[in-house]
Amino acid sequence: MLKSFKLKNSKILGVRPSPGTNLPGGRVTREIHPRWAKRLLPNCMLTRLSHVKYNCAALNRCPLRKRLALIGRAKSSACRFRGAEEEDLKHVIFSCPKVAKQRQVVMNACKEFGYAVSLKNLFTRRQLQFPMEKLLIEFLNSNK
Ligand SMILES: [Zn+2]
């Protein structure tokens, strides 16, 4: 019998590192969210979809080719825009030319608010949330 589950406080969202910490990407996840914790959902987000993708990325569940290839849903892990490099979170955020303009916006925001450029800051600092959501959604929405 299925048991229904209802959150008492819908503003609470659990964040847990991906269970497959031995899989590639587990290190990335732990770098961003080192331990299980409850956190408040922000009261604003770029779009609901972009916020979902942002949180998926932080948990290494973003539909990027490295992960998709690992689970048999993509033929190759090469970046859809420049095949020479693997398409993983670090590639998209730090080096993919497809989102160079948006990356500059993110880097400017880091500078403006005095944050070091690290995965943890990019995925946990409120001031960087919008530019990061925009970067990820721009990458994921653009066609091959
Ligand atoms: Zn790329």
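**How Gln102, α7 and their neighbours get their labels**

Q: Which residues is Gln102 in contact with, leaving aside its neighbours within four places in sequence?
A: Gln102 is in contact with Pro131, Lys134, Leu135 and Glu138 once those neighbours are set aside; contact means that two C-beta atoms, placed from the backbone, lie within 7 Å. This is a predicted model, in which local features need pLDDT of at least 70 and side-chain atom pairs count only at pLDDT 80 or more, while totals for chains, interfaces and linings use all residues. Residues are numbered from 1 along each chain as its sequence is written.

Q: How far apart are Gln102 and Pro131 in sequence and in space?
A: In sequence they are 29 residues apart, yet their C-alpha atoms are 7.2 Å apart in space.

Q: Why is Gln102 called partly exposed?
A: Gln102 sits in helix α5 and has 18 other C-beta atoms within 10 Å. A residue is buried with 20 or more such atoms, exposed with 12 or fewer, and partly exposed in between. The value of 18 falls in between, so Gln102 is partly exposed.

Q: Is Asn60 buried or exposed, and what makes the label fit?
A: With 24 other C-beta atoms within 10 Å, Asn60 is on the buried side of the cut-off of 20 or more. Asn60 is found in the loop between α2 and α3 (65–70). Asn60 has a further point to look for: a positive phi of about 60°, although it is not a glycine.

Q: What makes Val28 partly exposed?
A: Val28 has 19 C-beta neighbours inside 10 Å, so it falls short of 20 and counts as partly exposed. Val28 lies in helix α1 (residues 26–32) and touches Asn60, Leu89 and Leu119, not counting residues up to four places away in sequence. Val28 and Leu59 are 31 residues apart in sequence, with 8.1 Å from C-alpha to C-alpha.

Q: How many helices and strands does the chain have?
A: The chain has seven helices and two strands, counted as DSSP runs (H or I, at least four residues, for helices; E, at least two, for strands). From the N terminus, the order is β-α-β-α-α-α-α-α-α.

Q: How do you know that the length of helix α7 agrees with its number of residues?
A: The expected span is 1.5 Å times one less than the number of residues. For the 16 residues of α7 (residues 126–141) that gives 22 Å, and the end C-alpha atoms are 23 Å apart, which agrees. The 14 residues of α5 should span 20 Å, and the ends of α5 are 20 Å apart, so that helix agrees too. After α5 comes Gly114, with a positive phi near 75°.

Q: Why are α5 and α7 called roughly antiparallel?
A: They pack at an angle of about 170°, with their axes 9 Å apart. Angles over 145 degrees count as roughly antiparallel, so α5 and α7 qualify. Among the residues making the contact are Val106 and Phe113 of α5 and Leu128 and Glu138 of α7. By class, this contact has nine nonpolar, two polar and three charged residues.

Q: What makes α2 and α7 roughly perpendicular?
A: Their axes come within 9 Å and cross at roughly 90°. The range for roughly perpendicular is 65 to 115 degrees, and therefore α2 and α7 belong there. The contact includes Tyr54 and Ala57 of α2, and Leu136 and Ile137 of α7.

Q: Which residues touch the most other members of the largest nonpolar core?
A: They are Val92, Met132, Leu135 and Leu136, in a core of 21 residues. A nonpolar core is a set of buried Ala, Val, Leu, Ile, Met, Phe, Trp, Tyr and Cys residues joined through C-beta atoms within 7 Å. The elements giving two or more residues to this core are α2, α4, α6 and α7; α7 gives the most, with six.

Q: What covers the buried residues of α7?
A: The cover includes α2 (48–58), α4 (89–94), α5 (100–113) and α6 (119–124). The buried residues of α7 include Met132, Leu135 and Phe139. Leu135 touches Ile93, Val99, Gln102, Arg103 and Val106, not counting residues up to four places away in sequence.

Key. Axes are lines fitted to C-alpha atoms, for helices over the stretch in contact, and angles run from 0 to 180 degrees between N-to-C directions. Angles under 35 degrees count as roughly parallel, over 145 as roughly antiparallel, 65 to 115 as roughly perpendicular and the rest as oblique. Ala, Val, Leu, Ile, Met, Phe, Trp, Tyr, Cys and Pro count as nonpolar, Asp, Glu, Lys and Arg as charged, and the others, Gly among them, as polar.
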